[in-house]
Amino acid sequence: MFKHILCPTDLKNRSDMAVKKAIQIAHQFGSKITLLNVHEEFMDKEEREMLRVSVHKMKEKYKHVALDSKEEMKAVIHQLHADDIEVDYLLHGGKPEHVIVEVAKQLGPDLIVMCTDGRNSIMDFVVGTITEHVINASLCPVLVIPNRK
């Protein structure tokens, strides 16, 4: 039923609940998981030049952040005893609510499993949350794991 699961993670403890659920579903259905980590702070070349920061230094910093993030995602999979599952690791820059939907359109997963982002500011009521945006824009079912503090 679910051959491919997309699981966005911000590598915080609350996201581990969604990864854990994605792993349970993957074990049940023999699914592949794509873990997606989005970094809003990643700027493209034009943005870096506009801020007059060293393009080379920022590229190096982003490279280290990306490598560290990938290692963290691998560690979570290992800690949750899911080394037997096929897992792809993706890192993207941009607004998480847009990147998640775009990646889902490109990959065509059967299910997106994500945790509520745990925000509760006034802006969330005006603009909406990441989770809300993904639910409304996704072409596939979205399983939302509540953030239990």
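This is a short walk through one predicted model, from the overall fold down to a few single residues.

Hello everyone, and a word on ground rules before the tour. Because the model is predicted, local features need pLDDT of at least 70 and side-chain atom pairs count only at pLDDT 80 or more, while totals for chains, interfaces and linings use all residues. Residues are numbered from 1 along each chain as its sequence is written, and side-chain values use heavy atoms, with hydrogens and water left out.

Let's begin with the whole chain. It has 6 helices and 5 strands; these are DSSP runs numbered from the N terminus, with helices being H or I of at least four residues and strands E of at least two. Along the sequence, the pattern reads β-α-β-α-α-β-α-β-α-α-β. The chain has 149 residues, and 39% of them count as buried. Buried here is under 20% relative accessible area, exposed is over 50%, and partly exposed is in between, using a 1.4 Å probe and protein chains only. Now take the contacts with a separation of 6 or more: 76% of them come from residues 24 or more positions apart. A contact means heavy atoms within 4.5 Å.

Next, please find helix α6, residues 130–137. Which of its residues are buried? They are Ile130, Thr131 and Val134. These three sit on the same side of α6, because they cover an arc of only 95° around the axis. That arc is taken from the directions from the helix axis to the C-beta atoms. And what covers these buried residues? The cover includes α4 (96–107), β4 (111–115) and β5 (142–145).

Let's stay with α4 for a moment. Two packed helices are described by the angle between their axes and the distance between the axes. For α4 and α6, the axes come within 8 Å and cross at roughly 30°. The axes are lines fitted to C-alpha atoms, for helices over the stretch in contact, and the angles run from 0 to 180 degrees between N-to-C directions. The two helices, α4 and α6, are therefore roughly parallel to each other. For the angle classes, under 35 degrees counts as roughly parallel, over 145 as roughly antiparallel, 65 to 115 as roughly perpendicular, and the rest as oblique. On the α4 side, the contact is made by Pro96, Glu97, His98, Ile100, Val101 and Lys105, and on the α6 side by Ile130, His133, Val134 and Ala137. The crossing of α4 and α6 is right-handed, the term for a near helix turned clockwise from the far one by less than a right angle, with anticlockwise being left-handed.

Just past α6, in the loop between α6 and β5, you'll see Ser138. Ser138 counts as buried because its relative accessibility is 18%. Its side chain reaches the backbone oxygen of Cys140 at 2.8 Å. Ser138 and Ile112 are 26 residues apart in sequence, yet their C-alpha atoms are 8.6 Å apart in space.

Now over to the N-terminal end. In the loop between β1 (4–8) and α1 we meet Leu11, whose phi is near 65°, a positive value in a residue other than glycine. Helix α1 covers residues 13–29 and holds Ser15. Is Ser15 buried or exposed? At 5% relative accessibility, Ser15 counts as buried. The side chains of Ser15 and Asp10 are joined by a polar contact of 2.3 Å. A polar contact is a pair of N or O atoms within 3.5 Å; within protein, one must be able to donate a hydrogen and the other to accept it, and residues adjacent in sequence count only if both atoms are side-chain atoms. Leaving aside residues up to four places away in sequence, Ser15 touches Thr9, Asp10 and Cys115. Met17 is also found in α1, and is partly exposed at 29% relative accessible area. The C-alpha atoms of Met17 and Met114 are separated by 8.4 Å, with their positions 97 residues apart along the chain.

Last stop: the loop between α3 (55–79) and β3 (87–93), the place of His81. His81 has a phi near 55°, a positive value in a residue other than glycine, and counts as exposed at 65% relative accessibility. Asp83 is found in that loop between α3 and β3 too, and at 53% relative accessibility Asp83 counts as exposed. The side chain of Asp83 makes a polar contact of 2.7 Å with the side chain of His78.

Thanks for listening!
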